[in-house]
Amino acid sequence: MWTHVKKWWTNTFLDKPYRPGTTIGAYHIQHILGMGSYGIAYLATHTPTGAQVVLKQVKPSLRHTAKGAAMQAYERKVLSSLSHPQIPRCLDAFTHRKDSFLVMTYLSGPTLEELLFERGIVVNEYECAGYMRKIGQLVAHLHAQGLIHRDVRIPNVIWQDGLPYLIDFGLARFIGDKPTYTTDSLCAYPSEKQLKREVAPASDLYALGHFFLFLLYSDYTPKEDEPERSWEEELSLSPEIRRMIRKLLQMDEPYDSVHEWLQELDLYLHRCECDKNRRLQQT
Ligand SMILES: Nc1ncnc2c1ncn2[C@@H]1O[C@H](COP(=O)(O)OP(=O)(O)OP(=O)(O)O)[C@@H](O)[C@H]1O
């Protein structure tokens with residue numbers, strides 16, 4: 001019972017977000033974007049310039065924990081090290097009363113999760129491959145900087161004007177750094193979680209496999225009363241894409257790098273282009 005009471009008190013009072021309209025230093029809060037495991041994200045206006053920014057506040061309940069402060073400091077270090085138009089830039093960090101805030105550029109547009117599940121967009125296999133190529137190139141850019149995102153999921157990709165924008169670097173780690181703030185090893189985690197949290201390209205490649213499947217499922221309508229089957233049975237995929245996903249998900253010998261996978265993806269896209277041109281010539 002005590003844990004329920006404590007959780008209720010924490011959520012209702014301690015971690016109560018700032019209200020829209022509140023001014024915090026040079027920023028005016030417009031609305032809450034979301035509450036994650038360690039922070040509260042707000043859309044805010046930078047009053048002197050009128051620019052829209054994202055403020056990320058460490059949850060007050062985590063304020064005095066080593067983890068809360070460390071996570072924000074690490075996210076700041078990660079974002080400050082990056083300079084890419086499709087990734088938020090760290091603009092500032094400050095403390096207001098006892099709360100720490102990270103300020104970053106706001107990337108507008110719907111996430112792929114919203115596009116798929118709220119707007120119901122349908123993407124065919126060829127189009128999915130085109131989306132994945134652009135997302136893969138962003139992930140390859142991170143890997144080239146020695147950074148593993150570890151949270152490449154559809155709610156963390158904003159899609160605007162035909163380009164993906166990658167957000168939420170709360171779990172990102174530089175290769176060589178510890179996978180968690182409390183342990184050096186992931187041995188105590190279940191095997192799938194070990195793979196997802198590994199500070200190595202394999203964890204992002206695995207996430208990209210699931211990402212691919214989410215996009216491909218947009219074109220799938222289950223038949224009524226049909227029992228659930230595996231993705232290989234439910235989706236009608238070309239042999240190349242099926243093979244790629246099996247390798248991304250480590251069901252077959254995995255890729256060593258995102259580049260290796262992107263090369264195969266390019267061969268597939270080239271093959272589709274040739275097929276299309278051939279069909280056009282025949283008509
Ligand atoms: N730079 C940004 N531009 C636009 N929207 C953003 C940006 N950063 C975050 N958001 C939005 O704010 C929400 C919350 O962001 P946050 O990074 O805290 O993600 P989270 O998944 O809720 O947190 P956590 O990773 O701690 O679970 C996101 O779902 C996203 O919609």
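**Exercise 1.** Which residues does the UniProt annotation "domain: Protein kinase" cover?

*Solution.* We begin with the record, where the annotation, taken from an unreviewed UniProt entry, covers residues 27-283. We then turn to the model, which is predicted, and find that over residues 27-283 the chain is 40% helix and 20% strand. Finally, the C-alpha atoms at the two ends of this stretch are 60 Å apart.

**Exercise 2.** Describe how the protein chain is divided into domains, and state which residues of domain 1 lose the most area to domain 2.

*Solution.* The first step is to set the bounds, with domain 1 running over 15-105 and domain 2 over 112-282. The second step is to place them, and here the C-alpha centres of domain 1 and domain 2 lie 28 Å apart. To the contact, domain 1 gives 16 residues and domain 2 gives 18 residues. The third step concerns area: the two domains bury about 1,500 Å² between them, and 70% of this is on carbon and sulfur atoms. In domain 1, the residues that lose the most area to domain 2 are Tyr74, Leu82 and Gln86, which together make up 39% of what that side buries.

**Exercise 3.** Find the salt bridge across the interface of domain 1 and domain 2, and then characterise the side of domain 1.

*Solution.* Across this interface there is 1 salt bridge. A salt bridge requires the side-chain nitrogen and the carboxyl oxygen to be within 4 Å, and Asp168 and Lys56 form one, with their closest N and O atoms 3.7 Å apart. Between domain 1 and domain 2, 4 residue pairs are in polar contact. On the side of domain 1 that touches domain 2, helix H2 (residues 66-81) supplies the largest share, 9 residues. Sorted by class, that side of domain 1 has 9 nonpolar, 3 polar and 4 charged residues.

Technical notes:
Residues are numbered from 1 along each chain as its sequence is written. This is a predicted model: local features need pLDDT of at least 70, side-chain atom pairs count only at pLDDT 80 or more; totals for chains, interfaces and linings use all residues. Side-chain values use heavy atoms; hydrogens and water are left out. Domain bounds come from an automatic or database domain assignment. Contact means heavy atoms within 4.5 Å. Buried area is the accessible area (1.4 Å probe) that two parts lose on being put together, summed over both. A polar contact is a pair of N or O atoms within 3.5 Å; within protein, one must be able to donate a hydrogen and the other to accept it, and residues adjacent in sequence count only if both atoms are side-chain atoms. Helices (H or I, at least four residues) and strands (E, at least two) are DSSP runs, numbered from the N terminus. Ala, Val, Leu, Ile, Met, Phe, Trp, Tyr, Cys and Pro count as nonpolar, Asp, Glu, Lys and Arg as charged, and the others, Gly among them, as polar. UniProt positions are given in the numbering used here, feature names are shortened, and annotations may be inferred rather than shown by experiment.
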